[in-house]
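Subject: Handing over the structure

Hi there,

Here is the structure I promised to pass on to you. Please open it next to this message, and take your time looking around before you read further.

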Number of protein chains: 2
Amino acid sequence: MATIDDVSKRAGVSRSTVSRVVADNGYVSEEKRRAIQKAIEELGYRPNTLAQALRSNRSNMIGAVVVDVGTPYFANMVYGLQRATRKAGKALMVSSGYADQDEEARAIIELVDRSCDGILLYLERPLRADVVEIIRAAHIPVVMIGRMGCEVARGSVQLDNFGGARDAVGFLLDHGHRKIVHLSGQADFGDTAARLEGIAEALAAHGMSMADIKVVNGEFSQEFGYSATMALLDEGHDFTAIFAGDDDMAAGVLLALRHAGKSVPLDVSVIGFDDAFHARHLWPPLTTIRQPVDEIGETAANLLLKLLGEPGSAMLQTTIGTSLVVRDSVGPARP
Amino acid sequence: MATIDDVSKRAGVSRSTVSRVVADNGYVSEEKRRAIQKAIEELGYRPNTLAQALRSNRSNMIGAVVVDVGTPYFANMVYGLQRATRKAGKALMVSSGYADQDEEARAIIELVDRSCDGILLYLERPLRADVVEIIRAAHIPVVMIGRMGCEVARGSVQLDNFGGARDAVGFLLDHGHRKIVHLSGQADFGDTAARLEGIAEALAAHGMSMADIKVVNGEFSQEFGYSATMALLDEGHDFTAIFAGDDDMAAGVLLALRHAGKSVPLDVSVIGFDDAFHARHLWPPLTTIRQPVDEIGETAANLLLKLLGEPGSAMLQTTIGTSLVVRDSVGPARP
DNA sequence: GGAGTTTATGGGATCGATCTCACATGGGAG
DNA sequence: CTCCCATGTGAGATCGATCCCATAAACTCC
């Protein structure tokens, strides 16, 4: 690998002058500039990123830790992150904690130690105190994605859970449904509260209240969707529509209804949340609330990049809107 | 951030001695070792990875470029990569070319410039010559995933497409199917040839030949699966089973059959390939050939790590086996 | 008791860049 | 004619580690 010294010798100038040409700053005569560029070309010189980063204290690298990169949801988010960071000419380094706090801490510290210029985090739990301290000591700006806050965060991007839930229930109400069940995620999950408010708003707009909807708390999984639906049917609960907290649940709901001999959407309408990868493959194709996951990632990355540009700026916060994706799982309420 | 000099001063020793303790090599007296460890603890010292890498020419970082990280398939592969690299105490840096040759080249060169110790590649096309040259000049070992070869590759991991296709068709034959259609991927795609051989083997085992199966060439997409199936039905082609080249195609096949009023598996059996994320969510749940994608990634990463350990070793090659996942889309052939 | 080896430690060059500072030149203003 | 500022260039310190080499003490072996 050619170094900056090789270039300087070949062009008959000093290291400093080559550096000026490469970084495009300071004064350089047109004549030497051309000679240097010629030498760079001929040697195929590319600056050593490590040395640059060590000396200048800027690595041009953004770090990200998400719960689990192996998942379509986060893969999609990473896609958004990469789109933004690449456009800005920065590299991206992603890793995951896989729901293990030690792994997660290790992954984040790794990013700090590799001198990332900034860090993006999508976590399920608050950050461990020692990790917070390490990030703070390194003066690395952090942007949080999702509802989970963090003391060192300088920015945050989150989904409009309120609006999404309001639209979902609103859509069911507009189709004449009055006996609605909502399968909700973990009660302590940050998003859940916002969604309940959204549901309340939709109901209020139709002169109803939370008393008019049945909420079942569980977890975001197909299994829960299935078992909860079966339980409702078994106890003879009367409902015409189900709003599932996410599309995994919705998949379980659809399966349970099929096994129970119920037709969707003739007997029961189902609406999901996320527009996950498999939503279109379910039968019937699932009507759902779309979360623009890649856009969330892109927005978060851009926010971080902005933070890097203007160090002293205030806390930045952005909310990303959802949209309704109409497929075939919602129909008019049966009389 | 505390540096090695801070530690050495606090412990009253030289930089060299601290380095020896941290790297755990060379001679250090027990007394000083303890003093140094105490100082490290108190200062919260963690070595600067950049400086280490610059000086020692080993970054402890593995790079990977796959076609598209945003996709569930590759996300799953990255999961496998991360499992292996993390276990080995190395960091992983992943990026994608998104089917753009320039992007892809940029991504790979970026990894080279960041001094990755080794590189993993899953590409759709042969590597551009200038990129090959850059990798060669940097003496970085490369492991290729998938069938696509590459001159600088020191190792390769690929799927047993032959066995997978043989098992798929064998399974259909075992269920009495004799009128089988195979929807194949791009003819120039490396895997396709191996699969055709596998199909031939399965047929031969039942005293049949390639003349007894209809092969339709197209592309790996739901749209093609749909249109190809529709075309077959329209032209009145007589078949009892379809072997789709991947699960996306299979999704299209199922949809077309449903729209045509055919029942699966009563009228037509369908088998896919990949066991993609959505295979279980299709209706009926898809019987398919499982590709252990994460295992492929893990194996490739381990192979690269092995290569890093023994620099002079020969070309390493591994084939990963498939397995049959039986769900509900294949049944006995109708008479 | 001297030669050779093992153990222990520090000094200083080095990796490949950036960046400050010193210095030189030339032209325009006063 | 001097002063100042814009332009142009290079020397050398520096980032934070690794690692080779010099040195010295302690120990082993004839």
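Below is a short tour of what was found.

One thing to keep in mind from the start: this is a predicted model, and the values in this message were computed from it.

**How the two protein chains meet**

A good place to begin is the interface of chain A and chain B. Here 47 residues of chain B are in contact with 47 residues of chain A. Together the two chains bury about 4200 Å² between them, and carbon and sulfur atoms account for 59% of that area.

Which elements of chain B give two or more residues to the side that touches chain A? We will come to that after the polar side of the story. The rule finds 18 residue pairs in polar contact across this interface, with both residues at pLDDT 80 or more. The elements in question are α4 (49-56), α5 (72-87), β2 (91-96), α6 (101-113) and α11 (247-259) of chain B. Sorted by class, the side of chain B that touches chain A has 24 nonpolar residues, 14 polar ones and nine charged ones.

There are also four salt bridges across the interface of chain B and chain A. If you would like one to look up, try the side chains of A:Arg86 and B:Glu103, which meet in a salt bridge at 2.6 Å, N to O.

**DNA strand C**

Next, please turn to the DNA. There are 26 residues around DNA strand C, and those that come nearest are A:Ile4, A:Ser19, A:Arg55, B:Tyr27 and B:Arg55. Both protein chains supply elements to this surface: α2 (15-23) and α4 (49-56) of chain A, and α2 (15-23) and α4 of chain B, each give at least two residues. The residues of this surface divide into eight nonpolar, eleven polar and seven charged.

Which part of DNA strand C makes up 58% of its atoms within 4 Å of the protein? That share belongs to sugar or phosphate, and the rest belongs to bases. Two phosphate examples come from chain A. A polar backbone atom of A:Ile4 is 2.3 Å from a phosphate oxygen of DNA strand C, and an N or O atom in the side chain of A:Gln52 is 3.2 Å from a phosphate oxygen of that strand. For a base, look at B:Arg55: an N or O atom in its side chain is 2.6 Å from a base oxygen of DNA strand C.

**DNA strand D**

DNA strand D is surrounded by 25 residues, of which A:Tyr27, A:Arg55, B:Ile4, B:Ser19 and B:Arg55 are the closest. At least two residues of the surface near this strand come from each of α2 and α4 of chain A and α2 and α4 of chain B. The largest share, five residues, is that of α4(B). By class there are nine nonpolar, ten polar and six charged residues in this surface.

Of the atoms of DNA strand D within 4 Å of the protein, sugar or phosphate holds 59%, and bases hold the rest. Among the individual approaches, the side chain of A:Arg20 has an N or O atom 2.7 Å from a base oxygen of DNA strand D. A polar side-chain atom of B:Ser16 lies 3.4 Å from a base nitrogen of this strand. On the phosphate side, a polar backbone atom of A:Ser29 is 2.7 Å from a phosphate oxygen of DNA strand D.

**Domains and local details**

For chain A, the domain assignment gives domain 1 (4-47), domain 2 (60-160 + 295-322) and domain 3 (162-291). The C-alpha centres of domain 1 and domain 2 of chain A lie 36 Å apart.

A few local features are worth a visit too:

- B:Val264 and B:Pro265 are joined by a cis peptide bond, with omega about 5°; B:Pro265 sits in the loop between α11 and β9 (269-274) of chain B.
- B:Trp283 and B:Pro284 are also joined by a cis peptide bond, with omega about -5°; B:Pro284 sits in the loop between β9 and β10 (287-290) of chain B.
- A:Asn57 is not a glycine, yet its phi is positive, about 65°; this residue is in the loop between α4 and β1 (61-66) of chain A.
- B:Gly218 is in the loop between β7 (213-217) and α10 (222-234) of chain B. The C-alpha atoms of B:Gly218 and B:Ser184 are separated by 6.0 Å, although the two are 34 residues apart along the chain.

Enjoy exploring!

Best wishes

Technical notes
Residues are numbered from 1 along each chain as its sequence is written. Chains are lettered from A and ligands numbered from 1 in the order in which they are written. This is a predicted model: local features need pLDDT of at least 70, side-chain atom pairs count only at pLDDT 80 or more; totals for chains, interfaces and linings use all residues. Side-chain values use heavy atoms; hydrogens and water are left out. Contact means heavy atoms within 4.5 Å. Buried area is the accessible area (1.4 Å probe) that two parts lose on being put together, summed over both. A polar contact is a pair of N or O atoms within 3.5 Å; within protein, one must be able to donate a hydrogen and the other to accept it, and residues adjacent in sequence count only if both atoms are side-chain atoms. Helices (H or I, at least four residues) and strands (E, at least two) are DSSP runs, numbered from the N terminus. Ala, Val, Leu, Ile, Met, Phe, Trp, Tyr, Cys and Pro count as nonpolar, Asp, Glu, Lys and Arg as charged, and the others, Gly among them, as polar. A residue is near a molecule or strand if one of its heavy atoms lies within 4 Å of it. Domain bounds come from an automatic or database domain assignment.
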